[in-house]
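Please look through the structure shown below, and then work through the questions and answers that follow it.

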Amino acid sequence: MRYGFLGPETTFTHQALLQALAETPEEFAGAEPELVPFASVATATTDLLAGDIDALMAPIENSVEGGVSGTLDVLAATDSITIVAEQVVPITFVLAAREPMDPSEVTTVASHPHAQAQVQGWLRAHLPEASIAASSSTAAAARDLASATAEDSVGRAAVCSPLAARHFGLEVLAEGIEDHQGAQTRFVLVTREGRIPARTGSDKSTLVVQLPHNRAGALLEMLEMFSANGVNLSRIESRPIGDFLGRYSFSIDVEGHIEDRRVAAALRALHRVCPVVHYLGSYPRVDGQRPQFREDYSDEAYDEARDWVESLTSMVTRPAQGERNAQAD
């Protein structure tokens, strides 16, 4: 198995993938998997669809910054992929430099924009004059700084994980610099379209839904499909479709598995009224929590209701063949 991740090594995505390989069932873990770093989720997805890698780990949601737009947009635009697992990684940052220096000597700080947003309060308080440079990942910022010459690294620092600082041999100038202690990032493991993991009773399903254009109450109508079937949403985010202003799709996580009657009923209802319903998979929740719902939303309640209606329709009088032909004439 070949697994892609947002590289280079020691990114939080890399850590999430290592966690997944230690915990994922045998059919996904395999023996001695090859880990392949990518510069972007879009590039990795292209290789996934081409068959050059077997699975991809990508960040999808941060407890501070919300959805990761790059991943959400790729998932919304790609049909033949399935989410099969999720991982959550605690996020902590350090300020690191190539050589020991006082933090007051730092003039430029490089990191990924999501990381920058999570340490902006600390940077404003401690490095108010430093300029901020964007990098493709926190690990890339650390790697680039480590490979710089002594002359080029003067006044430069990187915001990265403690693991990245150790791996690339950087000096830690300050640690625990995140503004929100206990922050986490959620990652999803994506494969080419195929088998859906079996229902565990503690599951999550991910969808991308487009609403009918310019129809009053369309969003409310969509939400009522979930409410009417006792399906709780754990995440909903709007993303521009990109064709023109005012057109949005909704990236949604729901509590439950597609084999749950209530989830299946909600999807059938969405399929009737929404022009696009993109199902991205059902998979075990990493936190193990089970959804809470009323007894009338249980599988048994749906089955009883179906059987009752079928018993009524079975009593409908059907005209004989000759009568039907006469009615048709």
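## Questions on a predicted model

Q: In which loop is Asp-260 found?
A: This is a predicted model, and the position of Asp-260 is described here relative to its helices and strands. Asp-260 is found in the loop between β14 and α9 (261-273).

Q: Is Asp-260 buried or exposed?
A: The relative accessible area of Asp-260 is 12%, and the cut-off for a buried residue is under 20%. Leaving aside neighbours within four places in sequence, Asp-260 is in contact with Arg-199 and Asp-299. Because its relative accessible area is 12%, Asp-260 counts as buried.

Q: What is the order of the four strands in the open sheet?
A: The pairing in this open sheet is antiparallel, and the twist averages 15° from one strand to the next. The four strands stand in the order β13-β14-β12-β15.

Q: Why is one side of β13 and of β15 left without a neighbour in the sheet?
A: The order of the strands is β13-β14-β12-β15. β13 (233-240) and β15 (276-284) each have a single partner strand, so one side of each is left without a neighbour, because both stand at the edges.

Q: Which residue of β15 is the bridge partner of Thr-206?
A: Strand β12 (residues 203-210) and β15 run antiparallel and are joined by eight bridges. The bridge partner of Thr-206 in β15 is Gly-281.

Q: What angle does the direction of helix α4 make with that of β13?
A: Helix α4 (residues 69-77) packs on the sheet, where it touches β12, β13, β14 (248-255) and β15. The direction of α4 makes with that of β13 an angle of about 85°.

Q: How does Ser-238 count in terms of exposure, and what is its relative accessibility?
A: Ser-238 lies in strand β13, and, not counting residues up to four places away in sequence, Ser-238 touches Tyr-248, Ser-249 and Phe-250. The C-alpha atoms of Ser-238 and Val-209, which are 29 residues apart along the chain, are separated by 9.5 Å. Ser-238 counts as partly exposed, because its relative accessibility is 40%.

Q: Which element gives the most to the lining of the largest pocket?
A: The largest pocket holds about 350 Å³ of space, and of the 23 residues that line this pocket, the closest to its centre are Leu-6, Thr-13, Pro-59, His-112 and His-114. At least two lining residues come from each of α1 (12-23), β3 (55-62), α4, α5 (113-126) and β11 (184-192). The element that gives the most, with three residues, is α5.

Q: How many residues of the lining of the largest pocket are polar?
A: The lining of the largest pocket has no charged residues. Ten of its residues are nonpolar, and the number that are polar is 13.

Technical notes. Residues are numbered from 1 along each chain as its sequence is written. This is a predicted model: local features need pLDDT of at least 70, side-chain atom pairs count only at pLDDT 80 or more; totals for chains, interfaces and linings use all residues. Side-chain values use heavy atoms; hydrogens and water are left out. Two strands pair if DSSP finds at least two bridges between them. Axes are lines fitted to C-alpha atoms, for helices over the stretch in contact, and angles run from 0 to 180 degrees between N-to-C directions. Contact means heavy atoms within 4.5 Å. On a 1 Å grid over the protein atoms alone, a cavity is a set of points where a 1.4 Å probe fits but cannot get out, and a pocket is an open set with protein on both sides within 12 Å along at least five of seven lines; lining residues have an atom within 4 Å of a point. Grid points are joined across faces, edges and corners, and a volume is the space filled by probe spheres set on the points. Ala, Val, Leu, Ile, Met, Phe, Trp, Tyr, Cys and Pro count as nonpolar, Asp, Glu, Lys and Arg as charged, and the others, Gly among them, as polar. Buried means under 20% relative accessible area, exposed over 50%, partly exposed in between (1.4 Å probe, protein chains only).
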